[in-house]
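User: Could you walk me through one part of this model closely, the sheet that interests me and whatever lies around it? Please start with a little context on the rest, and keep it connected.

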Amino acid sequence: MLVAAVALAATLTLGRGNAHAAKRALWVWKQGLPGQPIQADAAMAAVARAGGVDSQQLREVARAESGDRTLTLLSGPDGSGHACFSVATTGFATQFHCGWQASTRAILARPMFGGTDPQTLNRGLVVGVARGDVARLILTRSDGTTTDLTLNFWNGFAYGGSSAGSIPVALTAYNAAGRQLDRMTFEASAPCGGLTSAC
Amino acid sequence: MSWTNPSHNMGFLTIDYSGNWNTLTAFTSDGYDQYSSYSASFYAQGGCQNPGSLGTVWVNCHEGNTQ
């Protein structure tokens, strides 16, 4: 669980100059790296090596499912033991990002979109992790409906949609007082048509 | 023109042997040098999908094949 209470109190008492440091403290996990240990597949191991992350210490922070597709948020330690994050699906992984704590964002999230043919977008998944002061996280779908996402033990979260109307288009994070902390929007289209040109 | 979120996000695009496609998103905040790895056992093709309506690729896109 994120060390929220103490760090949040620190945020309230520190001046503006120290506020950024206090927010970085909200990204600290008592257990060290967040997530359950997992066995890296070849794609995960390759991106870990490329990013200077120990592939023997990868962990699963959150996992989304849509039909037979999954999307996993991975954590792994850099040379200093700090958490780096990557996303992976079956046989496919993207590079680890370290030093993300310097961001002022309250959520770290990565989506995956997909479809059954090049003209169709009918699958959307998102995984991520929230800062310690995030108390509520709302996902907006492409049809305009919303749903509250549950934060797991490490403040990870996941969502999977398997229809054109259930594609994730936005995440909005709030603190316990109901104040909006962050909003992240996603745009997606099928490879042929939409934002891209016709094939 | 600058690279902005979300309209200029880069997608790592894969197409499997059944014709299904997937795009994992790389954000501007992730930096301009992007790396991904995929297995040819699952995917027939992979590459970067340029952000919509842009004629210029805004990141260095590296793809690795783990077989």
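Analyst: Happy to! Read along its sequence, chain B follows the pattern β-β-β-β-β, which amounts to five strands and zero helices. Keep in mind that this is a predicted model. In chain B, 36% of the 67 residues are buried, and 68% of the contacts with a separation of 6 or more join residues 24 or more positions apart.

Chain B meets chain A through 30 of its residues, which are in contact with 32 residues of chain A. On the chain B side, strand 1 (10–16), strand 2 (21–26), strand 3 (33–38) and strand 4 (43–49) each give two or more residues. Strand 2 of chain B gives the most, with six. By class, that side of chain B has ten nonpolar, 19 polar and one charged residues.

Chain A, where your sheet lies, has three helices and twelve strands. Of its 199 residues, 43% are buried. Among its contacts between residues at least 6 apart in sequence, 55% join residues at least 24 apart. The average pLDDT of chain A is 86, and 85% of the residues score at least 70. One stretch calls for caution: over residues 4–14 of chain A pLDDT stays under 50, and the model has 17 contacts there beyond four places in sequence.

Now to the sheet itself. Four strands of chain A form an open sheet in the order 9-8-11-12, with antiparallel pairing. Strand 9 (146–149) and strand 12 (180–185) of chain A stand at the edges, and since each has a single partner strand, one side of each is left without a neighbour in the sheet. From one strand to the next, the twist averages 20°.

Starting at the strand 9 edge, strand 8 (residues 136–141) of chain A pairs with strand 9 of chain A in the antiparallel sense over four bridges. Within that pairing, Leu139(A) stands opposite Thr147(A). The two strands form a hairpin with four residues between them, and Gly144(A) in the turn has a positive phi of about 95°. Towards the other edge, five bridges join strand 11 (residues 168–174) of chain A to strand 12 of chain A, and these strands also run antiparallel. One of the partnered residues is Tyr174(A), whose bridge partner in strand 12 is Gln180(A).

A good residue to look at closely is Pro168(A), which is found in strand 11 of chain A. Is Pro168(A) buried or exposed? Pro168(A) is buried, because 26 other C-beta atoms lie within 10 Å of its own, and 20 or more are enough to count as buried. Its contacts beyond four places in sequence are Pro111(A), Gly124(A), Val126(A), Leu139(A), Arg141(A), Tyr159(A), Gly161(A) and Phe186(A). One of them, Leu139(A), is the residue opposite Thr147(A) in strand 9. For a sense of distance, the C-alpha atoms of Pro168(A) and Gln36(A), 132 residues apart along the chain, are separated by 25 Å.

Two other contacts of Pro168(A), Pro111(A) and Val126(A), lead to another pair of strands. Val126(A) in strand 7 of chain A is the bridge partner of Pro111(A). Strand 6 (residues 107–115) and strand 7 (residues 123–130) of chain A pair in the antiparallel sense over eight bridges. Nine of the nine residues of strand 6 are buried, so that strand is largely enclosed by the rest of the structure. In a regular strand, side chains alternate between the two faces of the sheet. Both faces of strand 6 are covered: Ile107(A), Ala109(A), Pro111(A), Phe113(A) and Gly115(A) are buried on one side, and Leu108(A), Arg110(A), Met112(A) and Gly114(A) on the other.

Ile107(A) brings us back to the sheet. Beyond four places in sequence, Ile107(A) touches Gly128(A), Ala130(A), Arg131(A), Val134(A), Leu171(A), Ala173(A), Asp182(A) and Met184(A). Ile107(A) also belongs to the largest nonpolar core, which has 59 residues; those with the most contacts inside it are Ile107(A), Met44(A), Val127(A) and Ala130(A). In soluble globular proteins, nonpolar side chains tend to be buried together. Met44(A) is one of the buried residues of helix 3 (residues 42–50) of chain A, along with Ala43(A), Ala46(A), Val47(A) and Ala48(A). After helix 3 comes Gly52(A), whose phi is positive, near 70°.

Terms used:
Residues numbered from 1 in each chain as written. Chains lettered and ligands numbered in written order. Predicted model: local features only at pLDDT ≥ 70, side-chain atom pairs only at ≥ 80, totals over all residues. Buried ≥ 20, exposed ≤ 12 C-beta atoms within 10 Å, placed from the backbone. Contact = placed C-beta atoms within 7 Å. Core = buried A, V, L, I, M, F, W, Y, C linked by C-beta atoms within 7 Å. Nonpolar A, V, L, I, M, F, W, Y, C, P; charged D, E, K, R; others polar. Pairing = 2+ DSSP bridges. Axes fitted to C-alpha atoms, helices over the stretch in contact; angles between N-to-C directions. pLDDT = per-residue confidence, 0-100.
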